[in-house]
Each structure stands twice: as C-alpha cells, then as structure tokens.
Amino acid sequence: MKKSNIPMRRCIGCMESKPQKEMVRIALYEGVLTVDTEGKAKGRGIYLCRDRKCMETAKKRRAIIRGFKGAVTPAAADETMDVVISMMESDIID
C-alpha cells in the first residue's frame, strides 16, 4: 500500500508545522511581494497560519523581512501583512 505524503510547511508567525493547504503563502519574485492564493506563484515563498493572532505576531516580529533575508523593505512587509489580514476579514482567503 502506497503511503500518502502531505507537504508540511512552517509558519513564520508561530513556528508550527502544518499541512501546506492550511496555510497562506506570500511570494517574493523580482522584488515584488504577492499574496499567493493559488499556491503557484513564482519565486521564494513563506507561509503563515490562517489565524489573525499568528499574522499579527509575524508582523510584530518582522518575520517577513527575516524570511526573505532582508530583500524586502519594512514598508512593503507591513503593507503585505495588512493586505493578508484584510483578505482574511473579507473571506477572500478561507
């Protein structure tokens, strides 16, 4: 019997590993941050839990900047976190 492999990713906010499908991906490609709702965007990605508390913790700790090893400005990181939080509140990200 073949064993099913579930991809696990670590959240940059709470540092817990969870299945990839339960997380939100933020991608960095050619200096532009995007919220990857499909999970198919080009570039390096970081993952967040779909929990507002976890997202606020990541924003407070500047986890996006660390996750992309300083390739992102603090203003761009804060703006992206605000976009993710507003997308969650309006149920674009379920």
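## A tour from Thr-80 outward

At 8% relative accessibility, Thr-80 counts as buried, because the cut-off for buried is under 20%. Select Thr-80 to begin; this is a predicted model. The residue sits in helix α3.

Next, show the neighbours of Thr-80. Leaving out residues up to four places away in sequence, Thr-80 touches Ile-26, Leu-33 and Val-35. Keep Val-35 displayed for the next stop.

**Val-83**

Stay in helix α3 and select Val-83, which also belongs to that helix. Is Val-83 buried, exposed or partly exposed? Val-83 is partly exposed, with a relative accessible area of 35%, because that value falls between the 20% and 50% limits. Now measure from Val-83 to Val-35: the two C-alpha atoms are 8.0 Å apart, although 48 residues separate them in sequence.

**The nonpolar core**

Move on to the largest nonpolar core, which has 25 residues. Which of its residues have the most contacts inside it? Select Ile-26, Leu-48, Ile-64 and Phe-68 to see them. Then colour the elements that each give two or more residues to this core: the strands β3 (23-29) and β5 (44-49), and the helices α1 (52-60), α2 (63-67) and α3 (74-89). The largest share, five residues, comes from α3.

Select Ile-64 and display what it touches. Apart from residues up to four places away in sequence, Ile-64 has contacts with Ile-12, Ile-26, Leu-33, Ile-46, Ala-77 and Met-81. Ile-26 and Leu-33 were met earlier, as residues that Thr-80 touches.

**The whole chain**

Switch to a cartoon view and follow the protein chain from the N terminus. The elements run β-β-β-β-β-α-α-α, giving five strands and three helices. The radius of gyration is 13 Å, close to the 12 Å that the globule rule gives for 94 residues, so the protein chain is as compact as a globular protein of that length. Along the principal axes, the C-alpha trace spans about 50 × 30 × 20 Å.

Draw the contacts between residues at least 6 apart in sequence: 51% of these join residues at least 24 apart.

**Surface and charge**

Turn on the surface. The protein chain exposes about 6,400 Å², and carbon and sulfur atoms supply 51% of that area. Buried residues make up 33% of the 94 residues.

Last, select the charged side chains. There are 19 positive and 13 negative charges, and the mean positions of the two sets lie 9 Å apart.

Technical notes:
Residues are numbered from 1 along each chain as its sequence is written. This is a predicted model: local features need pLDDT of at least 70, side-chain atom pairs count only at pLDDT 80 or more; totals for chains, interfaces and linings use all residues. Side-chain values use heavy atoms; hydrogens and water are left out. A nonpolar core is a set of buried Ala, Val, Leu, Ile, Met, Phe, Trp, Tyr and Cys residues joined through side-chain atoms within 4.5 Å. Buried means under 20% relative accessible area, exposed over 50%, partly exposed in between (1.4 Å probe, protein chains only). Helices (H or I, at least four residues) and strands (E, at least two) are DSSP runs, numbered from the N terminus. Contact means heavy atoms within 4.5 Å. The radius of gyration is taken over C-alpha atoms; the globule rule is 2.2 Å times the number of residues to the power 0.38. Accessible areas come from the Shrake-Rupley method with a 1.4 Å probe; for residues, only the protein chains shown count as cover. Lys and Arg count as positive and Asp and Glu as negative; His and the chain ends are not counted. The place of a charge is taken as NZ of Lys, CZ of Arg, CG of Asp or CD of Glu.
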